[in-house]
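Visitor: I should like to understand how the terms applied to this structure are justified. Please set each value against its definition.

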Number of protein chains: 2
Amino acid sequence: MSEKISQTDSSAVLFKRKGGTEYQRTCRLDTTHAQSVLHVVGTSLKANLNRSAPPGSKFFSVKCTANVKYSVSPTPGETSHLSPLPLSGNSVLLISMSHASQEEAEEKLSVRYYDKKKKDLGNAVLHLTAVEISLDVDADRDGVVEKNNPNKESWKWGPNGHGAILLVNCDSEKTQDKTPDSEEVRISRVSDLKDMSLMVLRTKGPAQLPKGYKLTMHISQGDAESVRVFRARSSEVVKSSLKKLFSAFVKDYPLVLSSEVLSQEVPYLGGSGEMNFYVEGLRFPDKDFDGLISINLSLLEPISEGIPETPIFTDKVVFRVSPWIMTPNTLQPLEVFVCSTSDNYQFLKGMKNLVTKNGCKLKVCHEYMNRGDRWMQDELEFGYIDSPHHNFPVVLDSPRDGALDDFPYDVLLGPDFGYVTRVARRRDVSSLDSFGNLEVSPPVTVNGKSYPLGRILIGVAFPTATKGRNMTKVVQDFLWAQKVQEPVALFSDWLHVGHIDEFMTFVPAPDRKGFRLLLASPDAGYKIFRGLHNDGHGQAKMFDGVKNEDPVTVDDILSDETLRAENNYVQSCIDWNRDVLKSELGLDDDDIIDLPILFKLLGEEDEYRAVAYYPDMVNMIVLGKDLGIPKPFGPKVNGRCALEAEMCSLMEGLGLNCTFIDDFASYHKLLGEVHCGSNVRRKPFDFKWWKIEL
Amino acid sequence: MSEKISQTDSSAVLFKRKGGTEYQRTCRLDTTHAQSVLHVVGTSLKANLNRSAPPGSKFFSVKCTANVKYSVSPTPGETSHLSPLPLSGNSVLLISMSHASQEEAEEKLSVRYYDKKKKDLGNAVLHLTAVEISLDVDADRDGVVEKNNPNKESWKWGPNGHGAILLVNCDSEKTQDKTPDSEEVRISRVSDLKDMSLMVLRTKGPAQLPKGYKLTMHISQGDAESVRVFRARSSEVVKSSLKKLFSAFVKDYPLVLSSEVLSQEVPYLGGSGEMNFYVEGLRFPDKDFDGLISINLSLLEPISEGIPETPIFTDKVVFRVSPWIMTPNTLQPLEVFVCSTSDNYQFLKGMKNLVTKNGCKLKVCHEYMNRGDRWMQDELEFGYIDSPHHNFPVVLDSPRDGALDDFPYDVLLGPDFGYVTRVARRRDVSSLDSFGNLEVSPPVTVNGKSYPLGRILIGVAFPTATKGRNMTKVVQDFLWAQKVQEPVALFSDWLHVGHIDEFMTFVPAPDRKGFRLLLASPDAGYKIFRGLHNDGHGQAKMFDGVKNEDPVTVDDILSDETLRAENNYVQSCIDWNRDVLKSELGLDDDDIIDLPILFKLLGEEDEYRAVAYYPDMVNMIVLGKDLGIPKPFGPKVNGRCALEAEMCSLMEGLGLNCTFIDDFASYHKLLGEVHCGSNVRRKPFDFKWWKIEL
């Protein structure tokens, strides 16, 4: 072993950690026994020279082997090379090594102490072994696990942000006897690995760690509710296991950390080793979980029997769980879901035509599954989760729990199709918990603040109301906790059914902000009817030819003072929402189109709430440029429905095609329309949620 | 009523709200009925001119009374004054009034519509009443409730921050049958008002609101767990009530909002009115509560029977609840608390002398209350809460719940002395939950980040330990949630008792950072003993003259290899904490003083943990420049204890006076010392917590 004597080495490479602070570990010197020290490259050892000096020591000198660097603090004044340095009360020795050892105790450093006459008083010897340890993740979000990213310990939003990403493993690799994978006790299929985030433990050093040292991976009790960590037995096994039956998986991917095991030893591979871990998210952000998870790896030093090992080095990585993200009407439709019932043939035919024209897929939920519940919009909301390595759709199951209740779990949950729900007490659930009352705007910018994934919209009662219906708290908490589509609360309790999709929707537009907000407007409706009257069509009939429905003339409507008063009230409710939407979505009046729709009030124990007077055209399905609109059965002028004509004229300017679908008997009379009876799964945003500036 | 016709008025004062957005309310025009509109000064009314225009309208003109301002958008091109303006599809009228009306419907605005030949088609009339409404708090933190602070709706930390402050009303105005005031159903004493934050509702307008309109104050369900609002019946009553008996208080200060009542009507005073409200905090920040609370005031417009009133204006104020703040050793002591037991006369005498010298007060907890539990440090921690209008001390009661358990509630709780605790399951409580394991550093700056109130320090087990004791989660969550003294976790599970005050304390210093960190150091201890041996004092005896204790010589100690090995381990545990403290408090080695203290290990079912070998001098009481230090009974040289001499020499350089207190039999032998057996209430920081940059 070649040795050299070196003075203060200002070129000593002290790797920086934690915002510029070097990670320094105090190490003891002992002139009576030689010490063995395991050193982690990138940190430094700090020894108080005075503390363990023999009594009477006034000078010291340091010797070390080639790969050891050291420095003395305070920096000695001008002293000749090779001569002992004066020892002061606060003399400190900083030791570091720049690369891993190939063998144990390969390097050495010694400190010799002298009295005032420079007589030798003793020698403290350190036998040094260096290892490199790095727990690595994809902190730069490019889909590759880079080595020792300096930002891996923190998480930052935005285009210049950093931090690894985790998916909730809420899909099911199984198609039968299924349950979300995160609830399975083990990994059941190789394909499940892609739903997890790869984490790599990179080590370099001698074939084995010095006796008694070990590596331990650990998480906090709080984080253990939200994450599990599996390990690949070895990189060789990973490759060969692809050919094996899945029954071999428990052996090949042992569970390392979970709520049952917060800390577990992991193997040290020796030489240059890489061990793969698979990190699985278990829960979505919520009121009590901000979505951030830390995983730690510590190197433990043995002390003796009955005394806990001391962590002498800890590396940490941070993940954020992907939020659940909703998709607005402006995104490309992929699949349209509707129910088939004994009485909705006419509606289904209309929907099939529309979907065929548009080119997306129609998925029909048959009666054995829907059990007569036709409100496909209300039982579930489609969304997705996203990471640099993988993404998949996730259905949010409403606590509404109608007869369609089993559909999201039994039919939708599957490979690469996730499932999440929130459970509320029965008495806390109201009609406002149906997801016709949960929508999302297209991307908007409000007073300079950008919402590139839009904003979630829900309907509630006025906060001033002493009795009113609301969306249940557990669902509201969930929606707010996702953060990336900050919700806006609208007022929908004025409606009998109480869903915001009864008075608003968004359609794509080639100009302005890329969309228009459509609002139901009784004033716009009365304007049409007054115009018809003035033009001599006062006797034109609504509902003409509709089975079991008495026709009503334009003049009948205009002369009904009660209906007019009720619609004034409805207009004021919609105007209240209009003001909120303009303010919270940053819209101008020119971004909004008023649709001619009348409402009427239904009484219920002295409480009056609104329903649509004729099919509520704003409750439409939006498939790209194709709109499927409830056929209004309005008064005809020259054989053409005046309401359809107005609707077409308003939409054609935006390049949109209107298809009117007869939902009168099977939906409208049951207080819903086309939108309530359908649901659309859409393509995710191209924009990545982690690039949002929060 | 004088009327004038005015064109687009660009000088219209539109008050700005919510980051620059004007608060605009859509209002409907009707040519068939005159409308009455209640307007709130500082907002504007927006009317779509086209929506309610009679069919065939092509032009319009606007007339209004003197105090009404309006503008038309889009701004009309060059048109002569007085001539009707062209009506376009998106013509909008913005209306505002700059001050309150003295009478209802005092002002008027009308819009007249014309056809293309400028023939009159109809007139829409608005009768306008203006009110001024402002819910006010002390958002600029000067102790005075200013009018309509533009920042009252938000909360910002720091020297340039803003936002009102609330105290948890956790003291008790009663001295008998007491309970924290926040748990009383009503205000019981006038003096309780000063523990609450004043909130003022300022209104101006006609003697009464137009029929059916009302003011409602409301909070969210979530906030209702954390706040109550009381009202003074009127400003006159407030003054006169000071002379009344407290039995009149329920009438004089009715409860407005609570978890039972989320929304309640409040009176409108008429003319220029100010109504006082008293806002009371109910809970401290915690894991599920960030400390922020909103209170809203809405003006409701009547619609008709059976239909909820519509809020047409909402004002909002935000409060943050004061955190619980700990006081470090560097703050001035006010009161020292100790227990009197059957066997601690010697100790009490020493403490009395020390406290008398220092000039603060000694409070003795007698045996009927302490029931033999002498560990005053462990049962409670003194802190305080602070606001611009008031502050008082608050004791945090530990879940330790020893025989001293009743002391904090029964003795300390009282007028201007608050009480808070956290309840843990019995099986989750360990010795690490005693508050000898909860300390706070003096103010520090770490890598440029300043902690002007210091940082909380607690002791835990290594996160890598599979079995270890910890401070219970509910207390840790509470401490972290206070935010202003961000905690640091140290490793204390290596100690038998497991408290950080067994190896560390802080003393004031005239230089550097204003303090020194004192650490127990076996190495420093061995250095003293080796020095004594070298100087020929190897036969000097420890514990000389201590009753029932066998003396031990310096050479006995130096030749005990087991003791040396145990102390090497202890030094490595303390060094581990030293590294963390340096890094987390931004300390240099020169900020730390090593005290000569030896430990020994006690075995317990194959687990070995450390206790002090002789009285643990670091476990001292710090009263300004006076230190009360456990008398170590070290080896004597020329009649003087070498350990006391070293201690004095180390402390004298800082201008500190050492008083050694004999706690050997009554504390040391029971595994505690002076600090464990005492507690100090200190003066709050001059620095205000809301000025921290977080």
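Visitor: What makes Lys174(B) and Glu184(B) a salt bridge?

Guide: A salt bridge is a side-chain nitrogen of Lys or Arg within 4 Å of a carboxyl oxygen of Asp or Glu. The side chains of Lys174(B) and Glu184(B) meet at 3.2 Å, N to O, so the pair satisfies that definition. Both Lys174(B) and Glu184(B) are in the loop between β11 (164-166) and β12 (197-205) of chain B, ten residues apart. Helices (H or I, at least four residues) and strands (E, at least two) are DSSP runs, numbered from the N terminus.

Visitor: On what basis do these values rest?

Guide: This is a predicted model, in which local features need pLDDT of at least 70 and side-chain atom pairs count only at pLDDT 80 or more, while totals for chains, interfaces and linings use all residues. Side-chain values use heavy atoms, with hydrogens and water left out; residues are numbered from 1 along each chain as its sequence is written, and chains are lettered from A and ligands numbered from 1 in the order in which they are written.

Visitor: Why is Glu184(B) called buried, and why is Lys174(B) called partly exposed?

Guide: Buried means under 20% relative accessible area, exposed over 50%, and partly exposed in between (1.4 Å probe, protein chains only). Glu184(B) has 12% relative accessibility and therefore counts as buried. Lys174(B), with 23%, is therefore partly exposed.

Visitor: How do you know that Arg578(B) and Asp594(B) form a salt bridge?

Guide: Their closest N and O atoms are 3.0 Å apart, so the pair meets the definition. Arg578(B) is in helix α10 (residues 561-585) and Asp594(B) in strand β35 (residues 592-596) of chain B, 16 residues apart. Arg578(B) has a relative accessible area of 4% and is therefore buried. Salt bridges that share partners place Arg578(B) and Asp594(B) in one network, whose members include Arg28(A), Lys46(A) and Arg51(A).

Visitor: Why does the salt bridge of Glu549(A) and Lys669(A) tie together separate parts of the chain?

Guide: Glu549(A) lies in the loop between β35 (541-542) and β36 (552-553) of chain A and Lys669(A) in the loop between β44 (657-661) and β45, so the pair joins parts that are 120 residues apart in sequence. The distance between the two side chains is 3.0 Å, N to O. Over all chains, the structure holds 88 salt bridges.

Visitor: What makes the aromatic pair of Trp155(A) and Trp689(A) stacked?

Guide: Rings of Phe, Tyr and Trp (its six-membered ring) pair if their centres lie within 6.5 Å; planes under 30 degrees apart count as stacked, over 60 as edge-to-face and the rest as tilted. By this rule there are 48 aromatic pairs over all chains. Trp155(A) and Trp689(A) are 5.9 Å apart, centre to centre, with 5 degrees between the planes, and are stacked. Trp155(A) lies in the loop between β12 and β13 (164-166) of chain A and Trp689(A) in the segment after β45 (678-682), so the pair ties together parts that are 534 residues apart in sequence. Trp155(A) counts as buried at 13% relative accessibility, and Trp689(A) is buried at 0%.

Visitor: Why is the pair of Tyr409(A) and Tyr419(A) called edge-to-face?

Guide: The centres are 5.0 Å apart and the planes stand at 80 degrees, so the angle falls in the edge-to-face class. Tyr409(A) is partly exposed at 26% relative accessibility, whereas Tyr419(A) is buried at 13%.
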